[in-house]
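Reader: I'd like a close look at one part of this model. Could you walk me through it strand by strand?

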Amino acid sequence: MNRVNLNIDSIQVSVAQGTTLLNAAKELKIKIPTLCHHEDLCVAGNCRVCVVEQVGSDRLLPACATPVSEGMEIRTNSLKVRNARKTVIDLLVSEHRADCTRCFKNGNCELQQLSSEYLIGEDSYIDLVSLKEYTIDYFSPSIIKDDSKCIRCQRCVRTCDELQAIGALTVAYKGEDMKISSFFEKPMYEVICTNCGQCVNRCPTGALVEHNYIDEVWAAISNPNKHVVVQTAPAVRIALGEALGMPPGNIVTGKMVGALRRMGFNSVLDTDFTADLTIIEEGNELLQRLKSVLVDKNPDVHLPMTTSCSPGWVKYIEHMYPDYLPNLSTAKSPQQMFGALAKTYYAKKMNIEPEDMVSVSVMPCTAKKYEANRPEMHSSGYKDVDLVLTTRELAKMIQQAGIGFESLENEEFDSFMGVSSGAGVIFGATGGVMEAALRTAYEVVTGREVPFKGLNITPVRGMDEVKEATIKIEDALPEWDFLNGVELKTCIAHGLANAKIVMDKVKNGEASYHFIEIMACPGGCLGGGGQPIPTNAAIRQQRSDAIYREDTGKPIRKSHENPEIIKLYKEFLKKPLGHKSHELLHTSYTERNRY
Amino acid sequence: MPKKNLKRLDLIFKNEHDGEKVLMKTLARPAQEIVNYLIISGLKGRGGAGYPTGLKWKLASEAEGEMKYVICNADEGEPGTFKDREILSQVPNKVLVGMAVCAKIIGAHQGFIYLRGEYKFLLQQLNDVIDDFHVWTNKMGMDFRVNIFLGSGAYICGEETALFESMEGFRGEPRNKPPFPTQAGYRGMPTVINNVETLAHAFSIFKYGPEMFKDLGVQDSRGSKVFSVSGDTPIPGIYELEFGMSVQKFVEDFGDGDAKAVQVGGAAGFCVPRKKFVNTKIGYQGKLTGESLPTGGSMMIFNSSRSMYNVLHNYLDFFVEESCGQCTPCRVGTQQLLLGIEAVKKGERSSDYLNRLLDLAENMRVTAKCGLGQSVANSFSSIVENFKEEMIY
């Protein structure tokens, strides 16, 4: 590759052609401030905070958008540069409702950080916020959009368009009226938004935040008449530490359990348990569908079957590919299976009245808040999951409770509904559901373990945008002999832009998959919209490594070997896809418009 | 009666009925020779930025791309500019010939005229001319079609990369440069985008040779220029004059005897106060034709009855509305400049605040993403610095 030589702050450097000035400076450990730039997104060059000076050139250059060229002499810290940056930050502050002490993002706001670094004083420009009429869109159970805090960097617009291929957020108007808006300026809950929260994860300020339920959860915990159960999703335990000052890639399962117990939750349980349950139900559903299609030739049964545990994906397919709703597994997500069981089976077992129970979940996700509020999710006779917190909200609550998180001892989940297999853990990573399902389904069909060393089905792992894997079934048990010689074709996609690629292939008849796993967020749940900020490719990889480490360390690696699952079927559900399962663990979907 | 210091030229609007012949003769010449003609002539872009036309065509001809495009920028939106409208009304064939020659040189088969939305009334007559033009090109065996793309009214779409975005169906927002249009323009393909007047001048250069053009004007500002004269003048209108004139001579010819300032280059241009009339010349060297946006020689004369505060307020109002809103310095800076001069005028901020605004304008000039935001400082600083007392009292 061609190298380009240039000089940055009097240091000579040679970088690959096409490198931006921002990254060239990074190689020299020179930090150039940015706002509109995000590693996951295309270059915008909007905010102009990253301007640098090229010696001999009058105008400044945006470091994020300018490729290096031979012989450049760049100054990243000249008087001219500092003045320009300070002016830009000052201007942004003037159009931003800098109500920092009342902001959810206080302490985690990039504009606040830069204002502090550049000493933006009180003697500032004229406040523009008070001159405009802003309304806050807090109608969605997932996302609050406050335009008065928006600095128009368009990270959210690019996220929604590039990563998710949705375009729920877009730029409207021009000049002083320019704003980030939705279709016909409708509130977020009325438009095509999937609530994935990827925009929330990338918003540099408090303009897009999750709808938080922290006070409601504290109130429930403090109510002596309520039994509060909490479930924690697989991807929370490998990211929570980040929001509490620890480096990415730490597994903090035990500390998290300890913290939840100290906070006062009555039962600290695990979504991983119902992840295992999802595998049993969804895996059997897949096998049943294969039989209906391959043997019974039932025209009403559809393949490929797609996963349904990502609520962002579910809403996406409801809007964008409603013809394929019959392909969506009817199995509920682990969160909602858990909720339905908590207020029925668990309540009975623990001798608690379900109306006295508050069911809380901690999720890496903002769409889970929406999912819990879906009208279908009342199969216990109550709202199955009452309150959903993001990883970030839990971190905030741990801080509020004054818990020294890093020094906590590791603790175990409560039982019942606290034991999980490694298969449940890997739900948090793209490909994890597929791997967990294959570990079980293959064994159900053949009586043997999947033919991969250490049960690690590596072809379905990793961060490739779309992954395909084929498993040939041989020597099936008599009951499944129709699958003998069948090559089970699977496909995995993460991020809705990639889901679109896969679904278009299916729609155009270019692919003949049997089973498709789709997660709405890049990297799967570990990169969810409710995860600690920042999230980027390197951090996603570290979280993923942690998840697979957690899996490897588990004594049980297969969902169907989870003793609590076995017991659950014996005591309560009787059999997969049985009557009780259909009542509590399966759901239906709704066709939605594209606008 | 106004004087007549300045020679009136009649190159652009001279009705010449030999468009077909000029095209045929020019196409017969080697491409290299035509490019050299343009380079020798010293023709620079008449939209205001002043990029050498020959060089632009040369770069596009050398660029690689599956497709290439020639675009005529007729999104004439600079306040006080109305000459492209006249050129397209009176001598559209010259523009089309310019486009066709460019197409041959760079290897384009498709051309567009991006016509300002407000010029919709020209659509029918232009399409008729284009139909006739296609008959010529067909006869010459040339594979080149021109279509008109009608703009929708945003000033920013006159900025070349915002224009491409607009044509591609997106919001009219400027792109990052590099890449430049000659490398990646419309649809990401090498594109030559020229102002209407530039293409019409190219016709004259093809017909009469480069020397004739080069003999007009001064040093780096060669040829003639079409000026749109408005404001406090007894003879508003469109005039073709030689580059290099002083504002003094211009005012003597066009003013009403009481001129106190001339705004050169529209809202994006500079204000020249009376005391600088003698020493200010119109041409690229003095950077006085407006730097980057399609200003193209707007000359607005203000006499002593005019409040320069109101003039500036009007320009800023315009920018506050017409900024695309994409980059911080332009979106927020324009609002702050407008609110700032209002606050000083009302006494809500001290006159010192004007210095802060001048500093802001300078920072906008060096940090804004495109010519719009960069050029706000031109009018702002030249008006505030030269008419400070009018801003305060």
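Which residue stands opposite A:Ser361 in β15(A)?

Author: That would be A:Val388, which stands opposite A:Ser361 in β15(A). Keep in mind that this is a predicted model. The pair belongs to a parallel match between β14(A) and strand β15 (residues 387-390) of chain A, held over four bridges. To get from β14(A) to β15(A), the chain passes through helix α11 (residues 367-372) of chain A, and this β-α-β crossover is right-handed.

Now for the other partner. Strand β11 (residues 227-232) of chain A is joined to β14(A) by six bridges, and these two strands run parallel as well. Here A:Val228 is the residue opposite A:Val358 in β14(A).

And β14 itself? Strand β14 spans residues 357-363 of chain A and is mostly covered, with seven of its seven residues buried. Look at how the side chains split: A:Val358, A:Val360 and A:Val362 point one way from β14(A), while A:Met357, A:Ser359, A:Ser361 and A:Met363 point the other way, and all are buried. So A:Ser361, the residue you asked about, is buried, and so is A:Val358, the one across from A:Val228.

For the wider setting, chain A is divided into four pieces: domain 1 (3-77), domain 2 (97-110 + 118-210), domain 3 (214-273 + 335-407) and domain 4 (287-330 + 426-584). If you scroll out, you'll find the C-alpha centres of domain 1 and domain 4 of chain A 43 Å apart.

Technical notes. Residues are numbered from 1 along each chain as its sequence is written. Chains are lettered from A and ligands numbered from 1 in the order in which they are written. This is a predicted model: local features need pLDDT of at least 70, side-chain atom pairs count only at pLDDT 80 or more; totals for chains, interfaces and linings use all residues. Side-chain values use heavy atoms; hydrogens and water are left out. Domain bounds come from an automatic or database domain assignment. Buried means under 20% relative accessible area, exposed over 50%, partly exposed in between (1.4 Å probe, protein chains only). Two strands pair if DSSP finds at least two bridges between them. A crossover is right-handed if, with the strands pointing away from the viewer, the path from the first strand over the helix to the second runs clockwise.
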